[in-house]
Amino acid sequence: NPAKSKGEILFYLKDVPILKGGSPVDMTDTTIEVVLDIPRGFVGPLSTPNGCQVFVKDDNFNSQYGTWVNCDRNGPLKIQLKPSRQTPKWGYTSPQFNPAKIGTIGIKCGINDKSKHKYSGQIAVKSIKIIPSLPCKPSD
């Protein structure tokens, strides 16, 4: 949406076929690794870089946002989050966030708050990995 400066994409774990509608999922001791393909037009000025981050939401919609990663060039950009009760550097964690009850994985990309840069277009998600792989069963 060109009227917005930030955008998010959500993946609801209840919709993942191998989980058979079961969520939330315990993601303690896992790392979510996302590779995005950053288009040239999204990079913006180096003095006020745009950026992206991985986030998760628990079954009560409490959130944890991973480290904000500046987009200083076009091409592949790797962003990560290890869900825990600790707030990542340049991230955010809701006070009641529970990494053992994850229901949503998301990606947020945004224009720097101090920038006048505008971008309208797509940012491709090249891959999403969960390391180590989840046992694909919902938490109790």
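Select K129 to begin: leaving aside residues up to four places away in sequence, K129 touches T31, I32 and E33. The model on your screen is a predicted one, and that is worth keeping in mind at every stop of the tour. K129 is found in strand β9, and at 44% relative accessibility K129 counts as partly exposed. If you now add V34 to the selection and look at the two C-alpha atoms, you will find K129 and V34 6.4 Å apart in space, although 95 residues separate them in sequence.

**The whole chain**

Zoom out and colour the chain by secondary structure, which comes to zero helices and nine strands. Following the chain from the N terminus, you therefore meet one strand element after another, in the run β-β-β-β-β-β-β-β-β. Of the 140 residues in the chain, 39% are buried. When you count the contacts in the chain with a separation of 6 or more, residues 24 or more positions apart account for 73% of them, and the pairs visited below give you several places to look at closely.

**The sheet around β2**

Next, select β2, β6 and β9 together, since these three strands make up an open sheet in the order β6-β2-β9, with antiparallel pairing. The edge strands are β6 and β9, each of which pairs on one side only. On average, and with direction ignored, neighbouring strands of this sheet are turned by 20° against each other.

Keep β2 (residues 31-38) in view and look first towards β9, where seven bridges join the two antiparallel strands; one place to find this pairing is T31, whose bridge partner in β9 is I131. Then turn to the other neighbour, because β2 and β6 also pair in the antiparallel sense, over seven bridges. Here you can pick out I38, whose bridge partner in β6 is G75, and D37, which stands opposite P76 in β6. Is β2 mostly covered or mostly uncovered? Seven of the eight residues of β2 are buried, so the strand is mostly covered.

While the strands are on screen, a general point may help you to read them: in a regular strand the side chains alternate between the two faces of the sheet.

**The nonpolar core**

Now show side chains and select L36, I38, C52 and I79, which touch the most other members among the 22 residues of the largest nonpolar core. The strands β2, β3 (50-58), β6 and β8 each supply at least two residues of this core. Centre the view on C52 and ask which residues C52 touches, not counting those up to four places away in sequence. The contacts of C52 are L36, I38, F42, T67, W68, V69, C71, L77, I79, K108 and C109.

**Two salt bridges**

How many salt bridges does the count come to? There are two, and you can visit them one after the other.

For one of them, select K78 and E33, which form a salt bridge with their closest N and O atoms 3.8 Å apart. K78 lies in strand β6 (residues 75-81) and E33 in strand β2, so this pair ties together parts that are 45 residues apart in sequence. E33 is buried, with a relative accessible area of 11%.

For the other, select D113 and K6, where the closest N and O atoms of the salt bridge are 2.7 Å apart. This pair links distant parts of the chain, 107 residues apart, with D113 in the loop between β8 (102-110) and β9 (124-131) and K6 in strand β1 (residues 6-12). D113 is exposed, with a relative accessible area of 67%, whereas K6, at 32% relative accessibility, counts as partly exposed.

**A last stop in the loop**

Finally, stay in the loop between β8 and β9 and select S115, which has its place there. Is S115 buried or exposed? With a relative accessible area of 15%, S115 counts as buried, because the cut-off for buried is under 20%. The side chain of S115 reaches the backbone nitrogen of H117 at 2.8 Å, and, leaving out residues up to four places away in sequence, S115 touches P45 and T48.

Key: Residues are numbered from 1 along each chain as its sequence is written. This is a predicted model: local features need pLDDT of at least 70, side-chain atom pairs count only at pLDDT 80 or more; totals for chains, interfaces and linings use all residues. Side-chain values use heavy atoms; hydrogens and water are left out. A salt bridge is a side-chain nitrogen of Lys or Arg within 4 Å of a carboxyl oxygen of Asp or Glu. Helices (H or I, at least four residues) and strands (E, at least two) are DSSP runs, numbered from the N terminus. Buried means under 20% relative accessible area, exposed over 50%, partly exposed in between (1.4 Å probe, protein chains only). Axes are lines fitted to C-alpha atoms, for helices over the stretch in contact, and angles run from 0 to 180 degrees between N-to-C directions. A nonpolar core is a set of buried Ala, Val, Leu, Ile, Met, Phe, Trp, Tyr and Cys residues joined through side-chain atoms within 4.5 Å. Contact means heavy atoms within 4.5 Å. A polar contact is a pair of N or O atoms within 3.5 Å; within protein, one must be able to donate a hydrogen and the other to accept it, and residues adjacent in sequence count only if both atoms are side-chain atoms.
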